[in-house]
Amino acid sequence: MISPATGSGSRSGWRVARAVLALILLNGAVTFANVWPTLGVHWRGELSVELAALLALMAAAHTWRGPTTRRGLMLLSIVVVIFALGRYADVTSPALYGRPVNLYWDLPHVAEVVGMLARVAAVWMLVAVSLGALAVLGLLYLIARWSLGQVDEVLRLHRAARIGLGVAGSLLVACFLCQQLSDRVPRVPRFSIPVSETYGIQVARVIQVVSGRSTRNLPASPDLHSNLAALGGDDVLLIFVESYGRTTFDRPEFVDFLRPSRARFAAAIHDTGRDVVSAYVTSPTFGGTSVLAHLSLLTGIQVRDTRSYRLLMTQQRPTLVSVFKAAGYRAIAWMPGNQHPWPEGSFYGFDHIYGADDLHYRGPQFGWWHIPDQFSIDALDVSELQPQPRKPLFVFFPTLSTHMPFRPVPPLQPDESRMLSADPYDSGPLSAAMARTPEWTHLGRSYIEAVQYFFDCFSSFLRQRPDEHGVMILLGDHQPASSVSGQGVPWDVPVHVIASRPDILRALLADGFQPGLTPASRPIGNMNQLTEWLLAAFNGTPANSNLGRVATPPGYAPPVAAARRNHHATSSRKDTVSRKSATAATAVASGAEQKGATARTRASI
């Protein structure tokens with residue numbers, strides 16, 4: 001028979017064991033770290049100074065005021081949930097986006113992402129995600145409430161626990177403070193960054209933004225002017241390639257996979273009487289918020305946060321659009337990703353803005369953004385580039401197919417005329433493409449397949465239009481998310497300028513560009529600085545003749561001559577069959593080499 005004393009001791013032991021488990025759960029809820037580069041978390045053995053302080057305060061309150069009320073435990077549980085969510089945002093944002101979380105900037109984008117998902121996801125998926133989010137929040141609250149209840153019960157029933165936990169909590173707080181005050185104090189035990197500090201930083205940022213201090217000194221606009229004489233009336237296509245970052249040159253497995261498509265791209269450039277120079281510039285954003293890159297380049301002002309973006313949009317500033325319009329160009333925005341009105345477009349002063357509905361795409365929808373880049377390029381060609389006579393064009397065109405989550409990657413269609421129809425793809429390639437869904441834990445594979453697709457799309461366009469003498473500026477808006485590009489990588493993006501006018505390319509070489517598609521390792525400057533360099537090149541004079549990073553190679557002359565350009569102009573319309581054959585060859589080579597490259601690199605990506 002078990003004596004009352006033995007039963008009491010057993011219950012007391014279980015009570016203490018539950019309290020220990022509760023402390024482990026509470027500590028882990030606010031000290032976990034990210035499992036890079038995923039959404040997962042793990043515990044690294046760190047302690048929470050905030051939990052230590054809470055234990056000391058609860059022990060003191062029990063001694064002087066008695067047990068914690070039910071309402072008090074409920075409020076403390078809500079605080080634990082809020083701290084757990086703050087901790088998750090703080091450790092996950094750098095892993096995914098390569099930058100710290102900023103609630104003032106990021107929360108509005110959460111609403112945009114939710115709206116996007118509502119447009120493209122099935123109803124059952126939206127319901128499942130919503131119920132899952134509510135279930136997670138509910139579970140977090142129940143765990144926090146149970147854990148705090150167990151700790152409170154031990155403090156209420158055991159005087160020794162009150163003394164022990166109170167002293168332990170106070171000593172841990174004192175140890176944390178000593179570690180913060182002196183680097184000589186050993187980092188044992190290890191403490192995680194307090195979540196209260198994270199929230200304090202967020203509050204300070206909000207105060208800074210609301211007070212206007214962060215945007216009080218928006219810089220003056222640079223002197224944007226150019227007679228554009230070096231262009232000779234050629235079109236200018238400014239193409240922002242979504243998520244095209246220097247990681248495509250820095251990660252060896254990406255370089256290996258993309259080598260065949262880059263070679264096809266280079267061949268298409270040179271075979272059609274053009275040449276290319278390249279450089280890196282540093283983007284004002286990383287992993288998203290492409291509009292900051294767009295505004296920085298179009299105005300020549302570095303814009304690194306949405307508050308500055310919105311403030312600048314309320315002012316009258318010169319832009320690349322205004323420069324080209326003043327020179328007699330027609331300025332259009334080709335925006336296949338715009339599925340809703342874009343009032344910001346009025347700031348730039350485009351003559352016409354084409355949204356997704358204006359492009360009249362009738363084919364299958366690919367991913368979240370529906371419209372494949374090959375269609376967008378071909379539709380631009382048919383709608384704006386081919387009609388004559390017309391004014392020269394300045395085209396602003398952000399692409400889509402390399403947007404996260406990168407799949408499904410559309411197949412390359414060798415018959416460009418089919419892209420504008422309601423049946424742009426054969427059933428076999430289409431089914432195979434749609435079957436390749438995003439690999440959320442290996443996004444690098446999907447990413448480089450999407451980049452390869454863009455290279456092949458543009459190679460196809462160049463071969464179709466050897467008579468299009470425009471200057472084509474292809475640049476990334478930002479690096480892909482850190483889950484693709486890596487930890488601590490630079491914010492640099494490639495910029496390629498393709499032209500058939502040697503004077504423009506020579507001017508850019510003097511400003512630090514390199515011949516070919518591979519940039520020099522060092523960026524030539526920030527993205528907003530590129531604006532003035534481009535305008536100076538179009539004016540025929542380098543913007544920074546003392547840059548000194550890369551000198552123009554002795555005797556360098558792009559292999560383009562006016563006679564060759566005229567030859568292409570007169571012969572291109574007579575050679576439709578040859579162009580389609582070349583495009584078909586590109587598509588066949590792309591498919592064959594993609595299979596081989598995927599097999600070679602799948603294990604390493």
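Where is Pro405 found? Pro405 sits in the loop between β7 and α16 (416-419). That loop comes back in point 7; here are some notes to help you find your way around.

1. **What you're looking at.** This is a predicted model, so a word on confidence comes early. The protein chain has a mean pLDDT of 83, and 82% of its residues reach 70 or more. Strand β9 (residues 492-499) has the highest confidence, at 97, while helix α22 (residues 562-571) has the lowest, at a mean of 38. Take care with residues 545-604: the pLDDT is below 50 there, although the stretch still has 95 contacts in the model beyond near neighbours in sequence.

2. **The overall picture.** The chain has 605 residues, and 49% of them count as buried. You'll find 23 helices and ten strands along the way. Among contacts with a separation of 6 or more, 79% are between residues 24 or more positions apart. The accessible surface comes to about 27300 Å², with 61% of that belonging to carbon and sulfur atoms.

3. **Two cores.** The largest nonpolar core has 56 residues, and Leu238, Phe394, Ile473, Val497 and Phe538 have the most contacts inside it. Helix α21 (residues 527-539) gives the most to this core, with seven residues. There is also a second, separate core of 54 residues, which includes Ala268, Ala356, Phe406 and Ile498. Keep Phe406 in mind, as that residue turns up again below.

4. **A closer look at Phe538.** What does Phe538 touch, leaving aside residues up to four places away in sequence? The list includes a run from Ser226 through Asn227, Leu228, Ala229 and Ala230 to Leu231. Val236, Phe324, Val471, Ile473 and Ile504 are on the list too. Ile473 is also one of the residues with the most contacts inside the largest core.

5. **A greasy patch outside.** Turn to the surface and look for Leu85, Val123, Val127, Leu131, Leu134 and Leu137, which make a nonpolar patch of about 560 Å². Helix α5 (residues 123-157) supplies the largest share, five residues. Leu131 lies in that helix. Is Leu131 buried or exposed? Its relative accessible area is 55%, so Leu131 counts as exposed.

6. **Salt bridges.** The count comes to 20 salt bridges, and a few are worth finding by eye.
   - Arg330 and Glu384 meet through their side chains at 2.5 Å, N to O. This pair links distant parts of the chain, with Arg330 in strand β5 (residues 330-334) and Glu384 in helix α15 (residues 373-385), 54 residues apart. Arg330 is partly exposed, with a relative accessible area of 26%, whereas Glu384 is buried at 7%.
   - Asp503 and Arg506 form another salt bridge, at 3.3 Å, N to O. Both are in helix α20 (residues 502-510), and because they are three residues apart, about one helical turn separates them. Arg506 is partly exposed, with a relative accessible area of 33%.
   - Asp423 pairs with Arg418, with the closest N and O atoms 3.8 Å apart.
   - Arg246, Asp250 and Asp492 are linked in a network of salt bridges.

7. **Cis peptide bonds.** Back to the opening loop. Met404 and Pro405 are joined by a cis peptide bond, with omega about 15°. Another cis peptide bond joins Gln388 and Pro389, with omega about -5°. Pro389 is in the loop between α15 and β7 (393-398).

8. **Positive phi angles.** Which loop holds Phe406? Phe406 lies in the loop between β7 and α16, and Pro405 is found there as well. Phe406 has a positive phi of about 80° although it is not a glycine. At 3% relative accessibility, Phe406 counts as buried, and it is included in the second core. Ser243 is not a glycine either, yet has a positive phi of about 60°. Ser243 is in the loop between β3 (236-241) and α8 (247-250). Is Ser243 buried or exposed? Its relative accessibility is 4%, so Ser243 counts as buried.

Conventions: Residues are numbered from 1 along each chain as its sequence is written. Side-chain values use heavy atoms; hydrogens and water are left out. A nonpolar core is a set of buried Ala, Val, Leu, Ile, Met, Phe, Trp, Tyr and Cys residues joined through side-chain atoms within 4.5 Å. Buried means under 20% relative accessible area, exposed over 50%, partly exposed in between (1.4 Å probe, protein chains only). Helices (H or I, at least four residues) and strands (E, at least two) are DSSP runs, numbered from the N terminus. Contact means heavy atoms within 4.5 Å. Patches are made of residues with over 30% relative accessible area and no salt bridge: like charges are joined within 9 Å, nonpolar side chains (Val, Leu, Ile, Met, Phe, Trp, Tyr) within 5 Å. Accessible areas come from the Shrake-Rupley method with a 1.4 Å probe; for residues, only the protein chains shown count as cover. A salt bridge is a side-chain nitrogen of Lys or Arg within 4 Å of a carboxyl oxygen of Asp or Glu. pLDDT is the predictor's confidence in each residue, from 0 to 100.
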